[in-house]
Amino acid sequence: MRLICDISGLNEMQRKLIKAADPAKITRAVAQNTSEMQGRAQDLCPVDTGTLKRSIGLEMRDGGKTGAVFATAHYSEYVELGTRFMKAQPYMEPAFNAQKDRFIIDLKKAAISDL
């Protein structure tokens with residue numbers, strides 16, 4: 001079981017930003033927002049033993065153009081989505097939803113500052 005969040009329209013926005021912005025500013029925005037989302041997910045995750053919280057990591061890909069936040073605890077999906085025996089305790093999706101608007105603003109700032 002895997003939770004995947006997708007924002008539509010990013011390909012078009014990415015093409016426009018690449019033409020208009022300094023790649024270093026875009027990379028910094030991706031790194032900063034990925035790190036903030038990781039911290040927010042750690043803050044929101046329920047803590048029993050702390051294993052889930054410690055398992056939330058981040059990875060930068062594509063030369064810093066892509067950031068991923070993930071939880072490696074074998075039960076992370078069950079906590080996020082719930083089971084028939086346990087109510088969901090979302091931590092990743094709320095972190096994503098809280099960060100996405102900030103990320104878009106930061107990307108626009110990076111593009112506008114170079115125009």
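**Strand pairing, helix 2 and its contacts in a predicted model**

In strand 2, R61 has T66 as its bridge partner. The model that shows this pairing is predicted. A second pair is formed by M60, which stands opposite G67 in strand 2. Strand 1 covers residues 56-61 and strand 2 covers residues 66-71. The two strands run antiparallel, and six bridges join them. Four residues lie between the strands of this hairpin.

One residue of the connection has a notable backbone angle. D62 is placed in the loop between strand 1 and strand 2. Its phi is near 55°. That value is positive, and D62 is a residue other than glycine. D62 counts as exposed because its relative accessibility is 54%, and the cut-off for exposed is over 50%.

The hairpin is one part of the overall fold. The protein has five helices and two strands. Along the sequence, these elements follow the pattern α-α-α-β-β-α-α. The protein has 115 residues, of which 30% count as buried. Contacts can also be sorted by separation along the chain. Among contacts in the protein with a separation of 6 or more, 58% are between residues 24 or more positions apart.

Confidence varies along the chain. The mean pLDDT of the protein is 86. A value of 70 or more is reached by 80% of its residues. Confidence is highest in helix 3, residues 51-55, at a mean of 97. Confidence is lowest in helix 1, residues 10-20, where the mean is 66. Where pLDDT is low, predicted coordinates should not be read in detail.

Helix 2 comes next. This helix spans residues 23-44. Its 22 residues should span 32 Å at 1.5 Å a residue. The C-alpha atoms at its ends are 31 Å apart, so the expected span and the model agree.

The buried residues of helix 2 are I26, A29, V30, N33, T34, M37, Q38 and A41. These residues cover an arc of only 165° around the axis, so they lie on the same side of helix 2. An α-helix has 3.6 residues a turn, so residues three or four places apart point the same way. On the other side of helix 2, R28 and D43 are exposed.

Two of the buried residues show what this side of the helix touches. T34 lies in helix 2. It counts as buried because its relative accessibility is 8%, and the cut-off for buried is under 20%. The side chain of T34 reaches the backbone oxygen of V30 at 2.7 Å. V30 is itself one of the buried residues of helix 2. Beyond its neighbours within four places in sequence, T34 is in contact with L58, M60, G67, A68 and V69. Two of these, M60 and G67, stand opposite each other in the strand pair.

Q38 is also found in helix 2. Its relative accessibility is 16%, so Q38 counts as buried too. Residues up to four places away in sequence aside, Q38 touches I56, G57, L58 and V69. L58 is in contact with T34 as well, and so is V69. Q38 and K53 are 15 residues apart along the chain. Their C-alpha atoms are separated by 9.9 Å.

The remaining results concern the helices that follow the hairpin. S76 lies in helix 4, residues 76-81. With a relative accessible area of 4%, S76 is buried. Its side chain reaches the backbone oxygen of A71 at 3.5 Å. Neighbours within four places in sequence aside, S76 is in contact with L52, A71 and Y91. A71 thus appears both as a contact of S76 and as the residue whose backbone oxygen the S76 side chain reaches.

E93 lies in helix 5, residues 92-112. At 39% relative accessibility, E93 counts as partly exposed. E93 and E80 are 13 residues apart along the chain. The C-alpha atoms of this pair are separated by 8.0 Å.

How values were computed:
Residues are numbered from 1 along each chain as its sequence is written. Side-chain values use heavy atoms; hydrogens and water are left out. Buried means under 20% relative accessible area, exposed over 50%, partly exposed in between (1.4 Å probe, protein chains only). Contact means heavy atoms within 4.5 Å. The expected span of a helix is 1.5 Å times one less than its number of residues. The arc is that of the directions from the helix axis to the C-beta atoms. pLDDT is the predictor's confidence in each residue, from 0 to 100. Two strands pair if DSSP finds at least two bridges between them. A polar contact is a pair of N or O atoms within 3.5 Å; within protein, one must be able to donate a hydrogen and the other to accept it, and residues adjacent in sequence count only if both atoms are side-chain atoms.
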